[in-house]
Amino acid sequence: PQQVSDLVDAAVETFGGLDIMVNNAGVSGTMHNRFLDDDLADFHRIMAINVLGVMAGTRDAARRMSKAGGGSIINLTSIGGIQAGGGVMTYRASKAAVIQFTKSAAIELAHYDIRVNAIAPGNIPTPFVASSAAADLDPEAVARYESAIRETMRADRPLKREGTAADVAEAALYLAGERSRYVTGIVLPVDGGTVAGKAIRRRSDQKH
């Protein structure tokens, strides 16, 4: 929390104010074959960054914004916080917590004309998936692990186009700007339609 507070202070001192805060720091947990094998050793680290960091960033930004006429706060969650699923349980729990916190903060901070929204990325190619691989895996095994997960994600995604980090950035620009000035307390999935439902495989898509 002190690091986040220092960051907000530095932004205000450098730019003269704070209108937009994007809480984008996040980490995953180690993937275990079964939850029964999870020693929960990374629980406190994941919660500290993914949840406490978001709460501290929202609070400290809102303290400034409340005295300056409002602003926009954007928290990064994940479709893993919306959809239930196996694996990385602590990560999923942390991202679900971000969603509930974002909605609650949106209700309370609306009094100060501060909008609080969340973006839930999914199926975005970044090194994030590989970071959840077991530490004892060699690079080739990590590559196979990531490839298998990415393939499952692609099969479930209704839109065929691969998402990019730029797609997430565009969502952030929308929530930060004037076109969303009447939008608060939402969770915006940027996932190619994944949380809407699994892709329908048609006969014309089948390979013979």
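I began with Asp167, which is partly exposed because its relative accessible area is 21%. The classes I used: buried is under 20% relative accessible area, exposed is over 50%, and partly exposed lies in between, with a 1.4 Å probe and protein chains only. This is a predicted model, in which local features need pLDDT of at least 70 and side-chain atom pairs count only at pLDDT 80 or more, while totals for chains, interfaces and linings use all residues. Residues are numbered from 1 along each chain as its sequence is written, and side-chain values use heavy atoms, with hydrogens and water left out.

**Salt bridges**

I looked up the partner of Asp167 and found Arg161, with the closest N and O atoms 3.2 Å apart in a salt bridge. My cut-off: a side-chain nitrogen of Lys or Arg within 4 Å of a carboxyl oxygen of Asp or Glu. Arg161 counts as exposed, because its relative accessibility is 56%. I noted a network too: salt bridges with shared partners join Arg59, Asp60 and Arg63.

Within that network I checked Asp60 and Arg59, whose closest N and O atoms are 2.9 Å apart. Asp60 is buried at 6% relative accessible area. Arg59 is partly exposed at 40%.

Next I took Arg34 and Asp37, whose side chains form a salt bridge at 3.1 Å, N to O. Arg34 is partly exposed, with 47% relative accessible area. Asp37 is also partly exposed, at 39%. My count by this rule came to six salt bridges.

**Asp191**

I then asked which side chain of opposite charge is nearest to Asp191. It is Arg157, 8.6 Å away, and Asp191 is buried without a salt bridge. For charge, Lys and Arg count as positive and Asp and Glu as negative; His and the chain ends are not counted. I placed Asp191 in the segment after strand 4 (187-190). Helices (H or I, at least four residues) and strands (E, at least two) are DSSP runs, numbered from the N terminus.

I listed the contacts of Asp191 (heavy atoms within 4.5 Å). Leaving aside neighbours within four places in sequence, Asp191 touches Ile79, Gly122, Asn123 and Arg157. I also logged a polar atom of the Asp191 side chain 2.8 Å from the backbone nitrogen of Val195.

**Ala196 and Thr30**

Ala196 sits in the segment after strand 4. I have Ala196 as exposed, because its relative accessibility is 74%. I compared its position with Gln83: the two are 113 residues apart along the chain, and their C-alpha atoms are separated by 10.0 Å.

Thr30 I found in the loop between strand 1 (20-23) and helix 2 (43-65). Thr30 is partly exposed at 31% relative accessibility. From Thr30 to Arg59 I read 29 residues in sequence and 29 Å in space, C-alpha to C-alpha.

**Nonpolar patch**

Last, I asked which residues make the nonpolar surface patch of about 350 Å². They are Phe35, Leu40, Phe43 and Met89. Patch residues have over 30% relative accessible area and no salt bridge; like charges are joined within 9 Å, nonpolar side chains (Val, Leu, Ile, Met, Phe, Trp, Tyr) within 5 Å. Areas come from the Shrake-Rupley method with a 1.4 Å probe, and for residues only the protein chains shown count as cover. I traced Met89 to helix 3 (residues 89-109). Met89 counts as partly exposed, because its relative accessibility is 34%.

How values were computed
Polar contact = N/O pair within 3.5 Å; in protein donor to acceptor, adjacent residues only side chain to side chain.
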